[in-house]
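Here is a short briefing to read with the model open beside you. Take a look at the structure first, and then we can go through a few spots together.

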Amino acid sequence: MDLLRFTTAGSVDDGKSTLIGRLLYDTGNIKTDILETLSAEGGINLAYVTDGLRAERLQKITIDVAYKYFSTPNRKFIITDAPGHFEYTRNLVTGASNVDVMIILIDAQNGITAQTRRHSMVASFLRVGKVIVAINKMDLSNFSQQVYDNIKNAYLQIAAKLNISNISFIPVSALNGDNVTSASANTPWYDGPTILELLESYVGPTHAYAHLRLSVQCTIDGAETGYAGKVLSGTLSTGDKVMVHPSRKEGLVSKIIHNYDTVTEVHAPCNVCIYLDNNITLQRGDTLSHAHDTPLYGNGFEAALCWMDAKEKLDSAKTYLLRINTAEARCTIPSIAHKIDIDTLENYTENAPLEANQFATAQIRTLDEIAWDHFSSVPENARGVIIDPDTNNTVAAFIVR
Amino acid sequence: MDYLDILEAEAVYIFREVAGQFKRPVLLFSGGKDSTVLIHLALKAFYPSPIPFPVMHIDTGHNFPEALAFRDELIKKINAKLIVRKVVDTIREKNLPDPQGKFPSRNALQSYTLMGAIQEFEFDACIGGGRRDEEKARAKERIFSFRNASGAWQPHNQRPEIWDVYNGRIHQGENVRAFPISNWTELDVWKYIQREKIELPSIYFAHQRSCIVFNKRLVAISQYVNPDENDEIVTTTVRYRTVGDMTCTAAIESTAGTIEDIITELEASLISERGATRIDDQVSDAAMEDRKLKGYF
């Protein structure tokens with residue numbers, strides 16, 4: 001049995017939490033005592049499953065990401081229930097950053113909204129592997145195929161602008177369960193899979209045989225010093241000639257330990273402890289590659305950026321800290337090439353600094369040399385965060401263009 | 001990849017991030033199944049080195065004797081450094097009222113003892129076995145959960161946590177609570193215990209016990225919990241689904257004597273873990289959130 005992570009996004013009241021509640025309920029994953037706490041004001045409020053903070057229940061909105069778990073005989077699922085509200089888009093980015101699939105809910109009566117575009121932008125920014133567009137509340141639109149087709153066609157235009165390619169559309173009623181876990185008799189014109197069927201069958205890309213990248217986390221003391229790290233991508237074998245970045249030193253891998261076992265070959269993703277045969281010293285933040293197949297290297301790159309600090313805007317004169325996996329470098333973001341307008345999805349330029357929940361393309365300059373890859377070749381080594389060294393807050397996420 | 005391998009890899013990665021980013025981490029250990037699994041994962045994460053930080057037990061004084069015996073045996077076996085800090089000492093030093101009543105829970109007082117120990121040893125990261133499936137407030141918490149100098153969680157202003165980039169940067173006096181098994185469910189923990197053949201305290205398995213029936217829950221009679229003449233008392237075969245304090249943890253009626261039996265029982269159970277076993281979360285919808293605001297794990 002394997003594992004799939006997915007998130008739900010959509011406008012406030014589009015039924016995200018209700019959909020999650022429905023998936024948990026229909027698959028027998030809500031325990032009786034929890035169900036009892038959900039039956040406030042007569043009838044069961046499935047949205048109550050996920051709104052865990054007092055303020056969320058009082059304001060009836062989701063503020064931060066909640067994680068829920070369920071399994072079917074085929075798969076274990078981790079759901080991140082992320083906020084739909086504009087000012088909490090940054091929390092949606094947190095929630096969606098680890099998912100394989102994003103479900104975007106659209107209220108059939110309202111059609112595409114600013115939030116639909118914004119959430120699609122998040123899916124595009126994070127390059128989520130699969131998008132399911134759930135056209136919800138179909139029961140309130142008489143399960144009309146026309147309504148469904150209109151929304152689907154409008155969404156495909158957005159998807160084209162955002163380069164989102166792997167999309168499925170499903171007409172649903174999260175409240176009543178149509179096409180959530182079982183095919184609905186109310187949509188005879190729809191012959192595609194249910195949401196659960198899609199979630200059970202989707203398989204994401206593997207990086208097990210791509211370019212080798214290993215990120216060093218810490219040293220392991222002993223008679224000889226080992227280095228704990230994660231194989232982000234590719235295959236590592238004993239005897240491999242590797243290059244360390246940013247020092248550019250080369251060495252031979254003499255031993256690989258995975259858990260308690262000494263092994264001769266590992267594939268990504270895998271946590272290992274490695275030993276090198278010549279006396280080069282590694283440290284946290286080093287990235288290893290094969291000596292003949294190195295990452296890009298230098299003092300800057302162009303990146304897609306999402307600003308996440310609710311208080312401080314981007315300061316073009318400030319020195320921030322950049323982190324790609326465990327590698328750190330001081331950096332500046334002297335100018336923004338352009339921002340992205342979420343209503344038109346067009347690029348635009350303005351002088352105002354980048355602020356929370358805005359997306360942009362920018363040149364990041366590092367004061368220390370750093371190794372990175374393009375997303376198309378090694379996605380695991382093409383993304384990172386910006387940290388404000390004064391507040392220590394994570395202020396932005398970026399993906400190398 | 002099997003989902004248990006994925007969860008294990010995530011936890012090992014988190015342990016190594018803690019070791020790589022902090023100067024003085026500590027692993028919080030209660031003697032229960034979750035923190036026992038944590039120890040097992042830490043051993044894997046740092047093999048062939050021993051666990052490079054101490055293990056700390058915040059001792060309420062209301063422990064199950066079986067859990068204490070298990071703790072001492074395990075610590076000896078893995079050759080770790082154990083720190084014990086006692087809630088009774090905090091009560092005495094800070095002149096706090098010791099909870100009275102029939103089920104005198106020192107659960108909330110643990111926060112003071114924990115904060116005292118964090119200051120005493122200058123711990124900058126505390127690793128705990130909290131799981132998001134346990135409770136609604138926990139479901140909202142980051143894997144690296146930033147706490148200010150008074151230990152308070154700020155649920156409305158949590159740091160973004162993107163991909164597996166964990167930001168552990170803090171100022172002096174602040175600390176981070178790290179939860180390597182955040183994404184494990186109760187059943188995942190048991191399946192992992194089964195797969196890895198991890199030993200547990202005996203009270204997780206079916207045994208005979210005399211209990212008071214309180215709110216339809218079974219609370220063991222012990223030196224901390226005494227029955228009075230109005231109590232309904234039963235002696236039956238029970239086991240514990242969680243190991244907390246004897247004063248606030250309920251037993252469940254069960255004949256599950258092996259890990260296999262327990263997994264079968266859990267798969268058929270209609271009641272959540274905390275719902276079945278805790279008598280301190282019944283107070284309000286936000287009981288856990290409130291404790292966390294005061295520095296609770």
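In helix α4 of chain A, T89(A), R90(A), N91(A), L92(A), V93(A), T94(A), G95(A) and A96(A) are buried (20 or more other C-beta atoms within 10 Å of a residue's own, with 12 or fewer meaning exposed, values in between partly exposed, and C-beta atoms placed from the backbone). This is a predicted model, in which local features need pLDDT of at least 70, side-chain atom pairs count only at pLDDT 80 or more, and totals for chains, interfaces and linings use all residues. Residues are numbered from 1 along each chain as its sequence is written, while chains are lettered from A and ligands numbered from 1 in the order in which they are written.

**Helix α4**
- Because eight of its eight residues (89–96) are buried, α4 of chain A is largely enclosed by the rest of the structure.
- Its buried residues pack against several elements of chain A, including β1 (2–10), β3 (75–81) and α5 (114–126).
- Helices (H or I, at least four residues) and strands (E, at least two) are DSSP runs, numbered from the N terminus.

**Between the chains**
- In chain A, 48 residues are in contact with 43 residues of chain B (C-beta atoms, placed from the backbone, within 7 Å).

**Backbone points to check**
- Most residues other than glycine have a negative phi, and most peptide bonds are trans.
- The A268(A) to P269(A) peptide bond is cis, with omega near -10°, and P269(A) sits in the loop between β13 (265–267) and β14 (270–276) of chain A.
- In chain B, the bond from Y47(B) to P48(B) is cis, with omega near 5°.
- N163(A), not a glycine, has a positive phi of about 60°, and it counts as exposed with 8 C-beta neighbours inside 10 Å.

Key
Contact = placed C-beta atoms within 7 Å.
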